[in-house]
Amino acid sequence: MQFHHNGYVSEDPRIKPAAGTGIDRPVDLPDTMDVLIVGAGPAGIITAAQLSQFPDVHTRIIDRRPHRLQIGQADGIQSRTVETFQAFGFAESITAEAYRITETTFWNPDPQNPKHIIRTDRTPDDASGVSEFPHLVVNQARVIDYFADFARNSSARIEPDYGWDFETLVIEDEGEYPVKVTVTGTGENNQGQSREVRAKYVVGADGARSGVRRSIGATLSGDKANHAWGVMDTLALTDFPDVRTKSAIHSSNGSILLIPREGGQLFRLYVDLGEVAEDDNGKVRQTSLDEIIQRARAILQPYTLDVKNVAWHSVYEVGHRLTDRFDDVPLEEIGMRDPRVFIAGDACHTHSAKAGQGMNVSMQDGFNLAWKLGYVLSGRSPQSLLSTYSAERKVIAKDLIDFDKKWSSLMAAKPEELEGEEGVAEFYVRTAEFPAGFMTEYQPSELTAVNEFQHLATGFPVGKRFKSAEVMRLGDNNPVHLGHHHRADGRYRIYVFADQAAAGAVSAVAKLSDWLLDSEDSPLRRFTPAGADIDSIFDVKVIYRQDYTTINLNDAPAVFRPHCGQFGLMDYQKVYTALEGNSIFAQRGIADEGAIVIVRPDMYVANILPLQATDQLRDFFTPVLREQR
């Protein structure tokens, strides 16, 4: 973390000075705003947190609750999400209070006594080393708290406006704020009060029964629910030996997915309630807590379960539904106009809770959308950029639902139905990268290039998230993870992996540096606003192959030693070298001739180019960014 570039800071450096709309921010919900986010759940709060990095964009977030969420239903945090937490600066803090999943055990009927269960398998949570980040379990409310703190401490000073419920919206053809929204007060001081506010854009993160989705005419479609589960967070005495280990349990009496919770004693049970009759009409959702407990006891035999306290419980039916679109543009009008209203999270896709995907995918929806809204509203990009949100995220949601259908069917299957077929343990191992959150791969578009030069960096697949590796930071001789310096600050990253030439030589890296600083075609020259730091839009770093002891920091070209802040101080965190015996060049398949790796603000690889490909580098950003000179 660097924070003295504008003068000495003695207080918490995570609290940024107020700027832009954060200065004298209205306490009460105003009549007009740039972005109105409906719903302060995971999808909405990460949208607000990312938009807080654009202080000139006036963002408000409303929630029908009169106060912060206190008990959240979601709890599974996949590794990709923790990687995202790192970008927002709180991965270490939330990991300290979370439960960490290191392995999963699998229990099935004992062949000698089918009424009892025995442990039949166990598998590491990340056997292939897909991420350096853990798989966590932590209350959804705490996740929201961390993002809310980030947004509140950012220069825009964004805080949720609690106690306002969305009613409806209308998109008008003209005016600076074309989306007219009606809201109703639900708080102690505004109960029943109806108001009309206007926004340039609206984001509906208001759950599976989304009013925003209804207002834009988007529809959910998919499989009808046919299986029910009871879920409870419980404090109990039990002799089940894996109560503090994630466990998938199949018995002759049904199935349980056991998830240990944070805090040392709390654990969650997803208890199989069986198939739902066609004419049930929701009666299964009235299943009592006592019945859920009794079913759990029957499934866990010969082990006992003495429930002392239940913090939360619910009953849900498994259904898999997806909207036809993620914005207000009808399918037949795509490409004819730009969207004004977006939906994210459960408003777009619903599925079972047992795969631990809902909150995670919802947050990636918000991360994807928010930086694009920030770019458009701050004048960095054309409005057409916003059409990429629905195009990119709908595909990902479809992949999620396909995965969850298979996972849910395996969890609900009776042991005898799985004989000779792929079981839960085998499926879990085979698909490990998906539930970890790393299978997302954006297809070629104006934001993501075709993989013409993928051979130059085979370990950074174009369209997938940038997979970090350790390097040596030359400025202070500290080994660090390169990707951990990718902050959610709205900047593009340009990583320059050097060729075989030594630092200080007249090399391809040196020529690229000169072009980036001096050429009229350079994206740094074209797209950096006048008067802004040279790295305010593009964070450009170099990684050399040589041992750090053979390189002087001043050997690196000037573009990797930028001067920033009011005093023009040098940034010492742009020059890196490979670690001896653990080279990032070998780990990520960097070719001898080196490579340029471009990474989007939401941490996905956008393009790979040769070091000499300045024309392609120029052309790549031309349709995405607006000239600022």
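Two strands count as a pair if DSSP finds at least two bridges between them. Keep that in mind for the views below, which all come from a predicted model.

**View 1. Three strands, S3, S7 and S4, make a small-numbered sheet to begin with.** In this open sheet the order is S3-S7-S4, and the pairing is antiparallel. Which strands stand at the edges? They are strand S3 (76-77) and strand S4 (99-101). Each has a single partner strand, so one side of each is left without a neighbour in the sheet. Look at S4 and strand S7 (residues 135-137): 3 bridges hold this antiparallel pair in register. Here you can find Ile-101 opposite His-135 in S7.

**View 2. Seven strands line up in an open sheet.** Reading across, the order is S6-S5-S14-S15-S16-S13-S17, with mixed pairing. As a reminder, strands of a sheet pair through backbone hydrogen bonds, either parallel or antiparallel. At the edges you will find strand S6 (113-124) and strand S17 (305-317), each of which pairs on one side only. On average, neighbouring strands of this sheet are turned by 20 degrees against each other, direction ignored. Within the sheet, strand S15 (residues 254-260) and strand S16 (residues 267-275) run antiparallel and are joined by 5 bridges. For one matched position, start at Pro-260: its bridge partner in S16 is Phe-267.

**View 3. Helix H6 lies across strands of the sheet.** Helix H6 covers residues 289-299, and the strands it lies across are S6, strand S13 (227-238), strand S14 (246-251), S15, S16 and S17. Relative to S17, the helix runs at about 110 degrees. Now follow the chain into the loop between H6 and S17, where Pro-302 has its place. The peptide bond from Gln-301 to Pro-302 is cis, with omega near 15 degrees. That is worth a pause, because most residues other than glycine have a negative phi, and most peptide bonds are trans.

**View 4. Helices H1 and H7 pass each other in a right-handed crossing.** How do we describe such a pair? Two packed helices are described by the angle between their axes and the distance between the axes. The axes of helix H1 (residues 42-51) and helix H7 (residues 358-377) come within 7 Å and cross at roughly 30 degrees. Angles under 35 degrees count as roughly parallel, and that makes H1 roughly parallel to H7. On the H1 side, the contact is made by Pro-42, Ala-43, Ile-46, Thr-47, Gln-50 and Leu-51. Among the H7 residues that meet them are Met-359, Gly-366, Phe-367 and Trp-371. By class, the contact of H1 with H7 has 10 nonpolar, 5 polar and no charged residues.

**View 5. Helix H1 also packs with helix H4.** Here the angle is about 20 degrees and the axes are 8 Å apart. H1 and H4 are therefore roughly parallel to each other. The crossing of H1 past H4 is left-handed. H1 brings Pro-42, Ile-45, Ile-46, Ala-48 and Ala-49 to the contact, while H4 brings Gln-140, Ile-144, Phe-147, Ala-148, Phe-150 and Ala-151. This contact of H1 with H4 has 10 nonpolar residues, 1 polar residue and no charged residues. Beyond helix H4 (140-153), the loop leading to strand S8 (160-162) holds Arg-157. Phi of Arg-157 is near 55 degrees, a positive value in a residue other than glycine.

**View 6. Helices H2 and H7 meet in a left-handed crossing.** Helix H2 (residues 79-88) packs with H7 at an angle of about 40 degrees, and their axes are 10 Å apart. H2 and H7 are therefore oblique to each other. Which residues meet? From H2 come Arg-80, Thr-81, Thr-84, Phe-85 and Phe-88, and from H7 come Asn-360, Met-363, Gln-364 and Phe-367. The residues of this contact divide into 4 nonpolar, 4 polar and 1 charged.

**View 7. Stepping back, the chain is assigned three domains.** Domain 1 takes in 20-70 + 140-222 + 321-400, domain 2 takes in 99-137 + 226-317, and domain 3 takes in 454-622. How far apart do the C-alpha centres of domain 1 and domain 2 lie? The distance between these two centres is 34 Å.

Definitions and conventions
Residues numbered from 1 in each chain as written. Predicted model: local features only at pLDDT ≥ 70, side-chain atom pairs only at ≥ 80, totals over all residues. Heavy atoms only, no water. Domains from an automatic or database assignment. Axes fitted to C-alpha atoms, helices over the stretch in contact; angles between N-to-C directions. Helix = DSSP H or I, 4+ residues; strand = E, 2+ residues; numbered from the N terminus. Parallel < 35°, antiparallel > 145°, perpendicular 65-115°, else oblique. Left-handed = near helix turned anticlockwise from the far one by under 90°. Contact = heavy atoms within 4.5 Å. Nonpolar A, V, L, I, M, F, W, Y, C, P; charged D, E, K, R; others polar.
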